[in-house]
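User: I would like to go through the labels used for this sheet. Please show me the model.

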Amino acid sequence: MKIISWNVNGIRAVQNKGFTKTLAHLDADCILLQETKAQPEQIDKALEGIDHYHIYNNCAERKGYSGVTIMSRHEPIKIIHDIGLPEHDQEGRVIVAEFEQFYLLDVYVPNSGEALARLDYRKTWDTEFLAYCQQLQSKKPLIACGDFNVAHQEIDIARPKPNYNKSAGYTQVEIDGFSQFLDAGFVDTFRHLHPDTIAYSWWSYRAGARAKNIGWRIDYVLTSQSLVGKVKQAFILPEIAGSDHCPVGIEIDL
């Protein structure tokens with residue numbers, strides 16, 4: 001099974017950048033999108049003509065903001081929206097597909113914002129989102145994919161020193177929040193299989209950062225410990241354009 005996660009930074013924007021051809025090229029069983037920035041009818045229109053996928057959305061109440069979509073060739077048993085806490089469930093950040101053997105979760109973790117204005121909120125989110133993931137995992141194994149908005153280690157960011165505790169996505173609060181997932185037994189599949197590989201999944205649009213590969217690895221596929229041995233590949237696809245993020249994913253025997 002091939003699972004791809006991609007922050008598209010606006011599904012209507014990426015639609016005009018060869019999105020249909022890119023999806024055909026990726027040829028994934030499940031495609032998880034983040035930051036769709038659209039309402040359901042707009043997503044349906046953007047994905048018109050893309051066959052063989054069941055499509056499920058969770059859209060923010062605020063139009064043109066956030067949003068996650070799961071596209072799956074296999075019909076899930078059930079779809080779950082949000083994490084069940086009103087303070088976190090207005091922004092369309094989580095959607096879960098339940099399959100027979102596992103849960104597949106798509107997440108767009110809140111950005112701590114300019115001047116770290118939402119850092120306190122982010123700290124609360126990380127704790128309560130982890131509790132939700134553990135709740136799912138208590139029932140069956142979990143694969144959690146998406147934009148976690150944090151570079152976890154120095155190897156995951158091109159310029160760690162000038163960004164540490166100054167830039168959203170590389171504060172100790174956010175690093176610790178992600179570490180809690182690993183401490184709870186979830187596995188960062190890419191780092192597990194490629195412990196020393198420098199690879200990024202997001203680049204600023206400023207100053208030609210992508211061309212210079214001045215990037216951050218902030219998009220992840222995490223799995224329950226029980227699934228790690230079944231992960232055959234974990235990959236990042238920087239050659240895929242269309243967004244300021246690139247797709248990440250795994251191939252797993254299920």
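Analyst: Helix H2 (residues 19-26) lies across strand S1 (2-7), strand S2 (30-34) and S4. The helix runs at about 150 degrees to S1. Keep in mind that this is a predicted model.

User: What makes S4 mostly covered?

Analyst: Buried means under 20% relative accessible area. In S4, 5 of its 5 residues are buried, so the strand counts as mostly covered.

User: Which residues of S4 point one way, and which the other way?

Analyst: Val68, Ile70 and Ser72 point one way. Thr69 and Met71 point the other way. All are buried.

User: How do you know that S3 and S4 pair?

Analyst: A pair needs at least two bridges. There are 5 bridges between S3 and strand S4 (residues 68-72), therefore they pair. The two strands run antiparallel. Histidine 54 stands opposite serine 72 in S4, and asparagine 58 has valine 68 in S4 as its bridge partner.

User: What joins S2 to S4?

Analyst: Again 5 bridges, and the strands run antiparallel. Cysteine 30 has serine 72 in S4 as its bridge partner.

User: Why is the sheet called open, and which strands are its edges?

Analyst: The order of the 6 strands is S3-S4-S2-S1-S14-S13, with mixed pairing. Strand S3 (54-58) and strand S13 (231-236) are the edge strands, and each pairs on one side only. Pairing takes at least two bridges, so an edge strand has such a partner on one side only.

User: How are neighbouring strands turned against each other?

Analyst: By 10 degrees on average, direction ignored.

Notes:
Residues numbered from 1 in each chain as written. Predicted model: local features only at pLDDT ≥ 70, side-chain atom pairs only at ≥ 80, totals over all residues. Heavy atoms only, no water. Helix = DSSP H or I, 4+ residues; strand = E, 2+ residues; numbered from the N terminus. Axes fitted to C-alpha atoms, helices over the stretch in contact; angles between N-to-C directions. Contact = heavy atoms within 4.5 Å. Buried < 20%, exposed > 50% of the residue type's maximum accessible area, 1.4 Å probe, protein only.
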